[in-house]
Amino acid sequence: MQIQMSTDSNLRGGEELLERLEAELTSKLARFSDHLTTLNVHLSDEMGKGTDGEDLRCVIEAHPAGRKPVAVTNYAGSVAEAFNGAVHKLERVLETLFGRAGHHKGGETIRHMKEDGTS
C-alpha cells in the first residue's frame, strides 16, 4: 500500500508531521492493506492562517484494488482532530466495503440442505 501525503501552504509541520501521520495511518488501516493500492491524504486550512473554528480539512482517498476509489472528508479545529476523524470515517467505509464482502446476509443458506442436515 502506497501512501501519498500533502498539505497546503497554510499548514506548518513539514516532514515530521507527515511522517507521524503516515505511521499512524499505516497502523490504523493495517487490516485493509492487502485490499488497498494507494492512499492519498491532503490536509488544508480552508480559511487561511490565524482563523478560529473548524476550518482545517483532511481528505483521504483510498484506491481499493479492482474497485472505484472512495474518499472521505473531515473538518476540525486542529490537524490531529481533522486527520483522526477522516481516518475513522475511512475505517467505517472500508469495513462496509471489505468486512462483509464474504458474507451474504450473515451465513449460509439452508435451502439446499438435505433432510439429514448435510449439503
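**Helix 2 and the sheet it packs on**

The buried residues of helix 2 are covered by parts of the fold that include strand 1, helix 1, strand 2, strand 3 and strand 4. This picture comes from a predicted model, and helix 2 is a good place to begin a tour of it. The helix spans residues 79–99. Its 21 residues reach 28 Å from the first C-alpha to the last, close to the 30 Å expected at 1.5 Å a residue. Buried positions along helix 2 are Val-79, Ala-82, Phe-83, Gly-85, Ala-86, Val-87, Leu-90, Glu-91, Leu-94 and Phe-98.

Ala-80 also belongs to helix 2, but its setting is described in other terms. With a relative accessibility of 39%, Ala-80 counts as partly exposed, because that class lies between the 20% and 50% limits. In the chain, 63 residues separate Ala-80 from Leu-17, while in space their C-alpha atoms are 9.8 Å apart.

Attention now turns to the sheet. Four strands form an open sheet in the order 1-2-3-4, and their pairing is mixed. At the edges are strand 1 (2–7) and strand 4 (70–76), each of which pairs on one side only. From one strand to the next, the twist averages 10°. Strand 2, made of residues 36–45, and strand 3, made of residues 56–64, pair in the antiparallel sense over 9 bridges. Within this pairing, Val-41 has Ile-60 of strand 3 as its bridge partner.

Both helices meet this sheet. Helix 2 packs on it and touches strand 1, strand 2, strand 3 and strand 4, with a direction that makes about 150° with that of strand 4. Helix 1, residues 14–28, lies across strand 1, strand 2 and strand 3, and runs at about 140° to strand 1.

A closer view of strand 2 brings in Ser-44, which has its place there. Is Ser-44 buried or exposed? Its relative accessibility is 3%, and since buried means under 20%, Ser-44 counts as buried. Once neighbours within four places in sequence are left aside, the residues in contact with Ser-44 are Asp-8, Leu-11, Asp-55, Leu-56 and Arg-57.

Taken together, the predicted model shows an open sheet of 4 strands, with helix 2 packed on the sheet and helix 1 lying across strand 1, strand 2 and strand 3.

Terms used:
Residues numbered from 1 in each chain as written. Predicted model: local features only at pLDDT ≥ 70, side-chain atom pairs only at ≥ 80, totals over all residues. Heavy atoms only, no water. Pairing = 2+ DSSP bridges. Helix = DSSP H or I, 4+ residues; strand = E, 2+ residues; numbered from the N terminus. Axes fitted to C-alpha atoms, helices over the stretch in contact; angles between N-to-C directions. Contact = heavy atoms within 4.5 Å. Expected span 1.5 Å × (residues − 1). Buried < 20%, exposed > 50% of the residue type's maximum accessible area, 1.4 Å probe, protein only.
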